[in-house]
Amino acid sequence: MTIDHPARHLGAGEREKGILLVIGATLAWSASGVYSRLLTTDVWTAIAWRSLFGGLFLLIPCLFLEGGISRKQWRSVLHPSGLAMIVCQTVSQGCFIGALYMTSVANVTMIYSTAPFIAALFGWIILKEGVGRRTMIAGGISLLGVVVIVASSIGGGTGVGDLLALGMTVSFALVIVIPRINPEVPSLPPTVVSAFLTLVIFAPFGSVGSLDLHNWIVLAAFGATNFSLALVLFLAGARRMPPAEAALIGTMEIVLTPFWVWLLFSEQPPVATFFGGAIIFAAVLWHTAVDLSRSRRAHAG
């Protein structure tokens, strides 16, 4: 996902810090598959308590980002954009963990990597923003890759998981677009509220009794790093480097997430995932690399 920030001159030291921060965020995001495979509890319990820990840990950066914790900041949750963010993020969180439980980590990662292109489509529909020809081509190619992955899952036991991954991707694409409707509305408070709302919705279906010390530790680490720390690191790093460069580093998640699961748990993705994933990865990499090249030429000029 490309994050736009006001243009400014950055020193080499700041850029290096930005690279390290974005790499850290990418590594934290790429651990999602490992956490899901370490859990031994049911999916409802995992969704609920991972969200609680994520919301609790995200309260800490709320003290320092977007003006700190203030009445004005938290009133944003009642703004239409804030309410839309809460709904979309709650859906996204539920679909995310559900997908990890019901299909391969590689399938989830590859489908999710198309979020920027779906966000561009929503930007065109909702905000009437122009969509570049290159973005349309890359998005169309990525959609072909998703079709290959999902079609191969029909009747194979992972179709529901792939559809959940697609639901997560669509809802998160809306999360990318909604702040652009009203940029003055803070985004962190709705994110925290959505985490607690997810707990309230899904906890009644789960079983707290299934949570032993092992699961508590995994869920706490899952929420703290994959939900909270990754977001904060990426936002801090993206401010120190060109958006296209941050997005290019972020594409490592597409490869790293299924790699860790294969390395630690020998989870072998379906053959179709290799073909569909290769199509998606090539489209994302091509699109982001061109963005980076243009950004560097503009900076040099």
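Among contacts in the protein chain between residues at least 6 apart in sequence, 91% join residues at least 24 apart. The coordinates that give this figure belong to a predicted model, and the values below are computed from it.

**Overall architecture**

The protein chain holds 14 helices and 0 strands, so that reading along the sequence gives the pattern α-α-α-α-α-α-α-α-α-α-α-α-α-α. Its C-alpha atoms fill a box of roughly 60 × 50 × 40 Å along the principal axes. The radius of gyration is 19 Å, which agrees with the value near 19 Å that a compact globule of 301 residues would have. Of these 301 residues, 48% count as buried, while the accessible surface of the chain comes to about 14200 Å², with 72% of that area belonging to carbon and sulfur atoms. As for charge, the chain carries 17 positive and 13 negative side chains, and the centres of the two sets lie 9 Å apart.

**Buried polar residues in helices**

Ser 30 lies in helix H1, which spans residues 12-30, and it counts as buried because its relative accessibility is 0%. The side chain of Ser 30 reaches the backbone oxygen of Leu 27 at 2.8 Å. With neighbours within four places in sequence left aside, the contacts of Ser 30 are Glu 253, Leu 256, Thr 257 and Trp 260; helix H13 covers residues 252-265.

A second buried polar residue is Thr 273, placed in helix H14 (residues 271-300), whose relative accessibility of 3% is why it counts as buried. Its side chain makes a polar contact with the side chain of Asn 107 at 2.4 Å. Not counting residues up to four places away in sequence, Thr 273 touches Ala 106, Asn 107, Met 110, Ile 149 and Ala 278. Of these partners, Ala 106, Asn 107 and Met 110 are among the buried residues of helix H6. That helix, residues 105-112, is mostly covered, with 7 of its 8 residues buried; the buried set also includes Val 105, Val 108, Thr 109 and Ile 111.

**Residues in loops**

Where the loops are concerned, Val 208 lies between helix H10 (188-202) and helix H11 (213-238), and with a relative accessibility of 46% it counts as partly exposed. Val 208 and Ala 46 are 162 residues apart in sequence, yet their C-alpha atoms are 9.8 Å apart in space. Beyond its neighbours within four places in sequence, Val 208 is in contact with Trp 49 and Trp 216.

Two other loop residues have a positive phi although neither is a glycine: Lys 128, at about 60°, and Ser 266, at about 55°. Lys 128 is placed in the loop between helix H7 (115-126) and helix H8 (133-153), whereas Ser 266 is placed in the loop between helix H13 and H14. Both are exposed, Lys 128 at 66% relative accessibility and Ser 266 with a relative accessible area of 57%.

**Accessibility of the residues discussed**

| Residue | Relative accessibility | Class |
|---|---|---|
| Ser 30 | 0% | buried |
| Thr 273 | 3% | buried |
| Val 208 | 46% | partly exposed |
| Ser 266 | 57% | exposed |
| Lys 128 | 66% | exposed |

How values were computed. Residues numbered from 1 in each chain as written. Predicted model: local features only at pLDDT ≥ 70, side-chain atom pairs only at ≥ 80, totals over all residues. Heavy atoms only, no water. Helix = DSSP H or I, 4+ residues; strand = E, 2+ residues; numbered from the N terminus. Rg over C-alpha atoms; globule rule 2.2 N^0.38 Å. Buried < 20%, exposed > 50% of the residue type's maximum accessible area, 1.4 Å probe, protein only. Contact = heavy atoms within 4.5 Å. Areas by Shrake-Rupley, 256 points an atom, 1.4 Å probe, with all protein chains shown as cover. Lys, Arg positive; Asp, Glu negative; His and termini not counted. Charge placed at Lys NZ, Arg CZ, Asp CG, Glu CD. Polar contact = N/O pair within 3.5 Å; in protein donor to acceptor, adjacent residues only side chain to side chain.
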